[in-house]
Amino acid sequence: MIVLNNLSVIYEDETVGLENISLEFTPGEFTVLLGASGAGKSTLLRCINLLTIPTRGQVIVDGLGTLNNPKALRKHRQKTGMIFQQHQLLPRQTALKNVLIGRLAYHSTFRSFFPLPKIDQIIALDCLDRVGLLNKALTPVKQLSGGQQQRVGIARALAQQPRFLLADEPVASLDPGSSHKILANLKKICQEDGIGAVVSLHQIDLALEYGDRIIGLAGGNILFDSHPSEIKSQQLEKIYQTSSLMKTV
Ligand SMILES: Nc1ncnc2c1ncn2[C@@H]1O[C@H](COP(=O)(O)OP(=O)(O)OP(=O)(O)O)[C@@H](O)[C@H]1O
């Protein structure tokens, strides 16, 4: 479990990123963060693995405590995979080499200069298989479609054998068909492996379809935190401060 305890982020220019947020994330739960641009979704995701250091409050992880020593933080990050909107892949490298990057967290910097052991290659190939891309293992990622590249990004995160996955708008640059395929695949894998996912999305329809839990954010505050079936249209309207987006519900 990951516990966020009274977390606030105030950026250097005094912008409020998050305001006194307390949340718990459990393994196996697929949580969607919804909110307009600037609501605090990325800030929240980045706080979970302390890429952004909160101004106040704590991140507490079971078995590791408050992450206030480098060893605990390294262990937490090893078990927390990240998926990005723009994939953050090495375009000229093969899909397999990109996925192997997910294994580096298990090796020393020195060891990572040499080819990784066979077991890491097997884990990476298995992850590519789970996202349906085993046949593209030796293809440079720049030759893959946007959806395929995102699946390589997911495989790389899975290669970490994570307990939690953090995904920042993973389907924002994809067409609706690819978005559904990617989220369905991601959710299935998380269910099978008991991985807790925290995924920020802009599309309400996708949030309602795939989220086990939806957290609505606005101005760095939590407006609601419920099962999708309990969310009322007024609450969704409130987070976007407009009714036009409700057409997609
Ligand atoms: N490094 C930073 N320095 C100053 N302000 C920042 C920084 N990063 C984010 N912010 C501000 O903090 C607030 C929350 O930003 P955040 O990126 O978390 O929102 P978001 O919901 O992820 O938005 P988007 O959907 O556009 O990605 C915004 O007002 C943003 O301008």
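Which residues of the largest nonpolar core touch the most other members? Val99, Cys127, Leu128, Ala155, Leu165 and Ala197 do, in a core of 62 residues. Helix H5 (residues 146–159) gives the most to this core, 6 residues. The core also draws at least three residues from each of domain 1 (1–79 + 163–249) and domain 2 (88–161). A nonpolar core here is a set of buried Ala, Val, Leu, Ile, Met, Phe, Trp, Tyr and Cys residues joined through C-beta atoms within 7 Å.

The model is predicted: local features need pLDDT of at least 70, side-chain atom pairs count only at pLDDT 80 or more, and totals for chains, interfaces and linings use all residues. Residues are numbered from 1 along each chain as its sequence is written.

Val99 is in contact with Ala124, Cys127, Leu128, Val152, Ala155, Arg156 and Ala159, leaving aside neighbours within four places in sequence. Contact means C-beta atoms, placed from the backbone, within 7 Å. Helices (H or I, at least four residues) and strands (E, at least two) are DSSP runs, numbered from the N terminus.

**Domains**

The domain assignment gives domain 1 (1–79 + 163–249) and domain 2 (88–161). These bounds come from an automatic or database assignment. The domain centres, taken over C-alpha atoms, are 25 Å apart. Each side supplies residues to the contact: 12 from domain 1 and 12 from domain 2. On the side of domain 1, helix H2 (70–78) and H6 each give two or more residues. H6 has the largest share there, 6 residues. By class, that side has 6 nonpolar, 4 polar and 2 charged residues. Ala, Val, Leu, Ile, Met, Phe, Trp, Tyr, Cys and Pro count as nonpolar, Asp, Glu, Lys and Arg as charged, and the others, Gly among them, as polar.

**Ligand shell**

Residues around the ligand include Tyr11, Asp13, Lys41 and Thr43. Near means a C-beta atom, placed from the backbone, within 6 Å of the molecule. The shell has 2 nonpolar, 8 polar and 2 charged residues. Helix H1 (residues 41–48) gives the largest share, 3 residues.

**Positive phi**

Most residues other than glycine have a negative phi. Two glutamates here have positive values.

| Residue | Phi | Loop between |
|---|---|---|
| Glu14 | near 75 degrees | strand E1 (2–10) and strand E2 (16–25) |
| Glu169 | about 45 degrees | strand E6 (164–168) and helix H6 (176–193) |

Glu14 is exposed, because 6 other C-beta atoms lie within 10 Å. Glu169 has 19 C-beta neighbours inside 10 Å, so it counts as partly exposed. The cut-offs are 20 or more other C-beta atoms within 10 Å for buried, 12 or fewer for exposed, and partly exposed in between, with C-beta atoms placed from the backbone.

How values were computed:
Contact = placed C-beta atoms within 7 Å.
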